[in-house]
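Got your viewer open and a hand on the mouse? Let's take a walk through this protein, one selection at a time.

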Amino acid sequence: MAEFRVWAPKPELVRLDVDGAVHTMRRSDDGWWHTTVAAAPEARYGYLLDDDPAVLPDPRSARQPDGVHARSQLWSASDGAWTDSGWSGRSVEGAVIYELHVGTFTPVGTFESAIEKLDYLVDLGIDFVELMPVNSFSGSHGWGYDGVLWYSVHEPYGGPEGLVAFVDACHTHGLGVLIDAVFNHFGPSGNYLPRFGPYLSSASNPWGGGVNIADADSDEVRRYIIGCALRWMRDFHADGLRLDAVHALVDTTAIHILEELATETRWLSEQLGRPLSLVAESDLNDPRLITSPDRGGYGMTAQWDDDIHHAIHTAVSGERQGYYADFGAHSDSLATLAHTLRHGFFHAGTYSSFRRRRHGRPLDTTELSGIPASRLIVYTCTHDQVGNRALGDRPSQYLNAGQLAIKAALALGSPYTSMLFMGEEWGASTPFQFFSSHPEPELALATAEGRKAEFAEHGWHSDEIPDPQDPQTFQHSKLNWDEVGSGEHARLHKLYRDLIALRRSEPDLADPWLEHLIVDYDEDQRWIVMRRNRLVIACNLGTEAIRVPVNGDLILAWDSPILGATSTALPAHSFAILRGK
């Protein structure tokens with residue numbers, strides 16, 4: 001016998017269909033419908049609402065073998081699936097994280113094929129794998145941020161069994177796993193949840209209707225979100241979540257849903273006996289997210305830090321379009337970079353020309369100095385910073401190898417937790433473009449036309465913008481692993497390995513306190529230096545060789561610095577890491 005439960009306060013009648021047999025259900029006063037029937041362990045089922053003959057999938061479906069428009073399937077992990085009882089876990093703070101998209105990480109694009117690359121990630125020195133969303137979404141391929149059945153695993157990747165095998169294999173290899181979870185909106189295709197109950201709010205965000213976490217009848221929707229989050233960590237053994245765009249969670253209640261989730265995650269961590277991490281993506285520059293609850297914060301473990309990405313990218317690349325305009329003209333980009341490295345955020349109650357308003361929380365009201373820098377995650381690439389460019393071009397497609405090396409040294413040599421985006425470490429030549437596979441012709445057309453219109457406003461010709469619905473856009477975004485061992489790709493890959501190994505072995509690089517970080521620079525000569533106690537990371541961002549006023553024993557370098565008694569000569573677009581005397 002199997003028990004079936006579904007929260008459906010909207011319809012007057014809910015019936016259960018199991019493999020074509022229809023069963024009545026009983027309604028409780030709280031809007032939940034219940035029944036217990038005989039069902040095979042892998043039965044296909046769904047719900048009939050009122051007099052509509054369409055069988056709808058379960059909002060809490062564990063598996064969608066035929067996609068999000070079809071019946072759900074009962075699922076539980078097979079006996080012996082888990083072998084990670086010895087995994088004690090770890091926090092993300094101070095780790096090196098590797099963000100990947102399952103569908104483009106390997107040619108096959110499945111969990112099974114990704115497992116074959118875990119030895120490579122261990123050799124690189126990675127601590128955590130961060131999976132872009134793996135919940136079920138409409139179509140065969142996409143970024144995953146348009147999920148509609150949050151409790152199930154995208155079937156083309158290998159479904160729930162595939163995810164179990166992947167997480168188990170990661171733990172066997174000593175790797176933690178973060179899962180990217182999107183709770184701020186539902187995708188436009190296959191979202192039947194509003195037929196069941198008030199899942200949508202009156203608010204909206206750039207990606208669609210907002211989720212009802214504060215309007216009337218929102219309590220069960222909040223439980224839907226928190227239950228999903230805890231399930232990834234409990235049932236799929238994930239070591240934490242990356243929470244997408246939390247600034248789009250419109251919560252006007254006294255206890256913000258992030259604070260509530262953090263409290264329940266700490267409770268689950270105690271029950272499981274291993275650390276669990278919550279990483280927020282936020283556009284607010286608000287340290288309260290990573291401030292402990294006893295100091296009035298939400299208690300997130302860490303958050304992405306776009307300001308440091310923008311400051312590094314602007315200084316190295318010279319790009320100034322869009323939001324990069326806030327991060328310094330050519331005459332002061334190193335000053336901006338130095339300030340941002342020293343303080344964590346550039347915008348902290350300051351005017352943003354891109355937003356045309358003040359942005360961020362002033363540091364004198366919530367002291368970031370009281371928060372370790374390891375709670376901020378920095379990077380030179382993410383899926384957003386590559387995929388949301390018009391052509392999906394990586395920095396390796398418009399910067400030279402020395403500039404890529406400088407970016408890596410600044411990020412991995414900083415006091416912050418570091419993250420890489422798949423392929424970054426060898427300067428992958430393949431793009432990571434925005435792709436989708438909506439089955440509805442009108443939605444497919446709207447997606448393609450909307451993408452072209454968005455970038456036409458910035459001067460791009462529509463014919464230049466890849467069509468997200470073209471299968472070749474997806475295929476072109478797959479990594480080419482043959483590059484790893486060849487030419488400059490191999491040289492950059494070795495540098496990343498060496499930087500990560502140095503980060504692990506040097507105690508000075510493990511110091512997470514910003515007050516111990518000293519940053520010097522010369523805007524005219526285009527050099528910047530980070531001092532990490534006795535370690536000195538000196539970078540020449542310019543196109544000419546220069547002498548930088550630092551000295552010491554050489555530990556690691558890009559190109560061939562010449563050490564002197566009081567200064568070090570650095571070639572153009574290069575860096576050196578020294579141990580000061």
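## First stop: a helix and its start

Select Asp 305 and Asp 307: at the start of helix α8, a side-chain oxygen of Asp 305 comes to within 3.1 Å of the backbone nitrogen of Asp 307. Before you go on, keep in mind that what you are looking at is a predicted model.

Now select the whole of α8, residues 306-317. How far apart should the ends of this twelve-residue helix be, at 1.5 Å a residue? The expected span is 16 Å, and the end C-alpha atoms are indeed 16 Å apart, so the two agree.

Is α8 mostly covered or mostly bare? Mostly covered: ten of its twelve residues are buried. Among them are three histidines to colour, His 309, His 310 and His 313, along with Ile 308, Ala 311, Ile 312 and Val 316. To see what they pack against, show α9 (333-343), β20 (376-379), α10 (383-387) and α11 (401-412). Just past the helix, click on Gly 318, which follows α8 and has a positive phi, near 85 degrees.

## Next door: α9

Stay with α9, since you already have it on screen. Its buried residues include Leu 334, Leu 337 and Leu 341, and Ser 333, Thr 336 and Thr 340 are buried in α9 too. Which elements cover them? The cover includes α8, which you've just visited, as well as α11, β22 (517-522) and β23 (527-532). After α9 comes another glycine to click on: Gly 344, with a positive phi near 90 degrees.

## Ring hunting

Time for some aromatic side chains. The whole structure holds 29 aromatic pairs. Select Tyr 120 and Trp 426 and show their side chains: the ring centres are 6.4 Å apart and the planes sit at 80 degrees, so this pair is edge-to-face. Tyr 120 is in helix α3 (residues 118-124), while Trp 426 is in the loop between β21 (417-421) and α12 (441-456), so the pair ties together parts that are 306 residues apart in sequence. With 15% relative accessibility, Tyr 120 counts as buried, and Trp 426, at 0%, counts as buried too.

For another geometry, select Trp 143 and Phe 432. Their ring centres are 5.4 Å apart with planes at 20 degrees, so this pair is stacked. Trp 143 belongs to the loop between β10 (135-137) and β11 (147-153), and Phe 432 to the loop between β21 and α12, so the pair ties together parts 289 residues apart in sequence. Both of these residues are buried.

Want a group of rings? Select Trp 7, Trp 150, Tyr 151, Phe 183, Phe 186, Tyr 199 and Tyr 224, which form one aromatic cluster.

Then look for charges over rings. Arg 5 lies over the face of Trp 32, at 4.2 Å from the ring centre. Arg 491 does likewise with Trp 558, at 3.6 Å from the ring centre.

## Three single residues

Click on Asn 135, in strand β10. At 5% relative accessibility, Asn 135 counts as buried. Its side chain reaches the backbone oxygen of Gly 144 at 3.4 Å. Residues that Asn 135 touches include Gly 144, His 154, Trp 232 and Trp 150, and Trp 150 is one of the rings in the aromatic cluster from earlier.

Next, find Gly 360, in the loop between β19 (357-359) and β20. This glycine counts as partly exposed, at 25% relative accessibility. Which residues does Gly 360 touch, apart from those up to four places away in sequence? They are Leu 284, Asn 285, His 347, Ala 348 and Gly 349. Draw a distance between the C-alpha atoms of Gly 360 and Asn 285: 4.6 Å in space, with their positions 75 residues apart in sequence.

Now pick Ile 562, in strand β27 (residues 562-563). Is Ile 562 buried or exposed? At 53% relative accessibility, Ile 562 counts as exposed. Leaving aside neighbours within four places in sequence, Ile 562 is in contact with Arg 547, Ser 567, Thr 568 and Ala 569. The C-alpha atoms of Ile 562 and Arg 547 are 9.0 Å apart, and the two residues are 15 apart in sequence.

## Last stop: zoom out

Finally, colour domain 1 (2-56) and domain 2 (518-579). Their centres, taken over C-alpha atoms, are separated by 67 Å.

Technical notes
Residues are numbered from 1 along each chain as its sequence is written. This is a predicted model: local features need pLDDT of at least 70, side-chain atom pairs count only at pLDDT 80 or more; totals for chains, interfaces and linings use all residues. Side-chain values use heavy atoms; hydrogens and water are left out. Rings of Phe, Tyr and Trp (its six-membered ring) pair if their centres lie within 6.5 Å; planes under 30 degrees apart count as stacked, over 60 as edge-to-face and the rest as tilted. Helices (H or I, at least four residues) and strands (E, at least two) are DSSP runs, numbered from the N terminus. Buried means under 20% relative accessible area, exposed over 50%, partly exposed in between (1.4 Å probe, protein chains only). A charge sits over a ring if NZ of Lys or CZ of Arg is within 6 Å of the ring centre and within 35 degrees of the ring normal. Domain bounds come from an automatic or database domain assignment. The expected span of a helix is 1.5 Å times one less than its number of residues. Contact means heavy atoms within 4.5 Å. A polar contact is a pair of N or O atoms within 3.5 Å; within protein, one must be able to donate a hydrogen and the other to accept it, and residues adjacent in sequence count only if both atoms are side-chain atoms.
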